[in-house]
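Hi,

Here is the structure I promised to pass on. Have a look at it first, and my notes follow below.

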Amino acid sequence: MLTREEILNEPAGRKLDAWVAEKVMGLPVTAKKKRFEYVHIAPFSTDISAAWEVVEKMQQTKFVRVQCDNGDYWCKIGGEILGVKAQGDTAPLAICRAALLAVIDT
């Protein structure tokens, strides 16, 4: 099971993409010897168009807001009081972190 600390400390890249594919998007991801098979996993954490697919998926059940403050990107998912919020150097990274936090908190 992923922890909040793992999610917030993982940089953008294929490992984070695999977590999002499996936990948020519901796509099958297999692991062999602690290595992910990355075939056909979208670059959710590095490409804004792929990250927007995550936003659209989360919007099916939750409120999603993405904003930029002084070069830092934030994504808030859920209600004002009970929602989760995550930061990243880029919008895709913030979106992926917040989406993962939202699914592990439910």
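Which residue in E5 stands opposite tyrosine 73? It's glycine 88. Do keep in mind that this is a predicted model.

Tyrosine 73 has a partner on the E3 side too: cysteine 68 stands opposite this tyrosine, which belongs to E4. Another facing pair in those two strands is arginine 65 and lysine 76, the lysine being in E4.

Stepping back to the sheet: three strands make it up, ordered E3-E4-E5, and it is open with antiparallel pairing. E3 (64–69) and E5 (84–88) are the edge strands, each pairing on one side only. On average, neighbouring strands are turned by 20° against each other, direction ignored.

As for what joins the strands, E3 and E4 (residues 72–77) pair over six bridges, while five bridges link E4 to E5. The hairpin of E3 and E4 has two residues between the strands, and asparagine 70 there takes a positive phi near 50°.

Then there's helix H4 (residues 91–104), which lies across E3, E4 and E5 and runs at about 150° to E5.

One last thing, on the surface: Ile48, Trp52 and Val66 make a nonpolar patch of about 250 Å². Isoleucine 48 sits in helix H3, which covers residues 48–59. Is isoleucine 48 buried or partly exposed? Its relative accessibility is 45%, so it counts as partly exposed, since that class lies between the 20% and 50% cut-offs.

Cheers

Terms used
Residues are numbered from 1 along each chain as its sequence is written. This is a predicted model: local features need pLDDT of at least 70, side-chain atom pairs count only at pLDDT 80 or more; totals for chains, interfaces and linings use all residues. Side-chain values use heavy atoms; hydrogens and water are left out. Patches are made of residues with over 30% relative accessible area and no salt bridge: like charges are joined within 9 Å, nonpolar side chains (Val, Leu, Ile, Met, Phe, Trp, Tyr) within 5 Å. Accessible areas come from the Shrake-Rupley method with a 1.4 Å probe; for residues, only the protein chains shown count as cover. A salt bridge is a side-chain nitrogen of Lys or Arg within 4 Å of a carboxyl oxygen of Asp or Glu. Helices (H or I, at least four residues) and strands (E, at least two) are DSSP runs, numbered from the N terminus. Buried means under 20% relative accessible area, exposed over 50%, partly exposed in between (1.4 Å probe, protein chains only). Two strands pair if DSSP finds at least two bridges between them. Axes are lines fitted to C-alpha atoms, for helices over the stretch in contact, and angles run from 0 to 180 degrees between N-to-C directions. Contact means heavy atoms within 4.5 Å.
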